Amino acid sequence: MIKKIDLGLTGLLIIIQFIPQEKNLSDDQLFDISKKYEIPADVQVILKNACNDCHTNKSTYPWYSNIQPVGFWLNHHINDGKKHLNFSDWSSYTLKKKEHKMDELHEEVAKGEMPLDSYTWTHGDANLTQAQIDAIVTWGKKAQADYKQQMSTE
C-alpha cells in the first residue's frame with residue numbers, strides 16, 4: 001500500500017512539472033513609481049533588492065522557480081504582493097491610495113514584517129539593515145506627507 005502511495009506521489013510530482021506557469025515579466029514602465037516620483041538612489045537599490053520581485057510587474061526568478069510545487073508557491077506570493085502594492089502601477093493609483101500605500105509601506109518595513117522571511121531566506125541582500133530600514137521609513141513618510149499635501153490642495 002505504501003509503495004502505491006509513493007508511486008502515485010512521484011507520478012503526481014512529475015506530472016505537475018509540465019503545468020505551465022505564467023511569469024511576471026512585463027517591461028511596461030508607463031505607470032511605474034519612478035516615472036512620477038523621485039526616489040533616492042539608496043532607496044532604489046533597496047527596492048530593487050528587497051521589494052521589486054513581489055511588488056512590480058517584473059520579477060527575477062531563481063532557478064528553482066521552475067520546479068513545481070515551488071513555482072506555484074512563488075507565483076502565489078508574487079500575485080499576492082502585487083495585489084497589496086504594485087510599484088509598476090503606481091501612477092494609476094489615486095492620491096488617497098498612494099498616501100495609504102506609503103503609510104502601509106513604512107509601517108510594515110519598520111515593524112520588520114516586510115520583506116517576508118521566506119523571501120530573505122533565499123535573497124540575502126533583502127535582509128535589511130537598520131540603516132536601510134530607516135532609509136525606507138524616511139522616504140515612505142516623506143512621500144506620504146507629499147501625497148497628503150497634494151490631496152489638501154485638490
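This report describes two pockets and one nonpolar surface patch in a predicted model.

The largest pocket has a volume of about 680 Å³, and 31 residues line it, with Cys54, His55, Gly81, Met114 and Leu116 lying nearest its centre. Four helices, namely helix 4 (52–55), helix 5 (70–84), helix 6 (95–110) and helix 7 (117–120), each supply at least two residues of this lining, and the largest share, 8 residues, comes from helix 5. By class, the lining of the largest pocket holds 18 nonpolar, 8 polar and 5 charged residues.

The second largest pocket has a volume of about 290 Å³, and of the 15 residues that line the second largest pocket, Lys48, Asn52, Asp53, Lys58 and Thr60 are the closest to its centre. Helix 3 (41–50) and helix 4 each supply at least two residues of that lining, which divides into 1 nonpolar, 9 polar and 5 charged residues.

The lining classes of the two pockets are set out below.

| Pocket | Nonpolar lining | Polar lining | Charged lining |
|---|---|---|---|
| Largest pocket | 18 residues | 8 residues | 5 residues |
| Second largest pocket | 1 residue | 9 residues | 5 residues |

Apart from the pockets, the surface carries a nonpolar patch formed by Met1, Ile5, Leu9 and Leu12, which together have about 450 Å² of accessible area. Within this patch, Ile5 has its place in helix 1 (residues 2–16), and Ile5 counts as partly exposed because its relative accessibility is 43%, a value in between the limits of under 20% for buried and over 50% for exposed.

How values were computed. Residues are numbered from 1 along each chain as its sequence is written. This is a predicted model: local features need pLDDT of at least 70, side-chain atom pairs count only at pLDDT 80 or more; totals for chains, interfaces and linings use all residues. Side-chain values use heavy atoms; hydrogens and water are left out. Patches are made of residues with over 30% relative accessible area and no salt bridge: like charges are joined within 9 Å, nonpolar side chains (Val, Leu, Ile, Met, Phe, Trp, Tyr) within 5 Å. Accessible areas come from the Shrake-Rupley method with a 1.4 Å probe; for residues, only the protein chains shown count as cover. A salt bridge is a side-chain nitrogen of Lys or Arg within 4 Å of a carboxyl oxygen of Asp or Glu. Buried means under 20% relative accessible area, exposed over 50%, partly exposed in between (1.4 Å probe, protein chains only). On a 1 Å grid over the protein atoms alone, a cavity is a set of points where a 1.4 Å probe fits but cannot get out, and a pocket is an open set with protein on both sides within 12 Å along at least five of seven lines; lining residues have an atom within 4 Å of a point. Grid points are joined across faces, edges and corners, and a volume is the space filled by probe spheres set on the points. Ala, Val, Leu, Ile, Met, Phe, Trp, Tyr, Cys and Pro count as nonpolar, Asp, Glu, Lys and Arg as charged, and the others, Gly among them, as polar.
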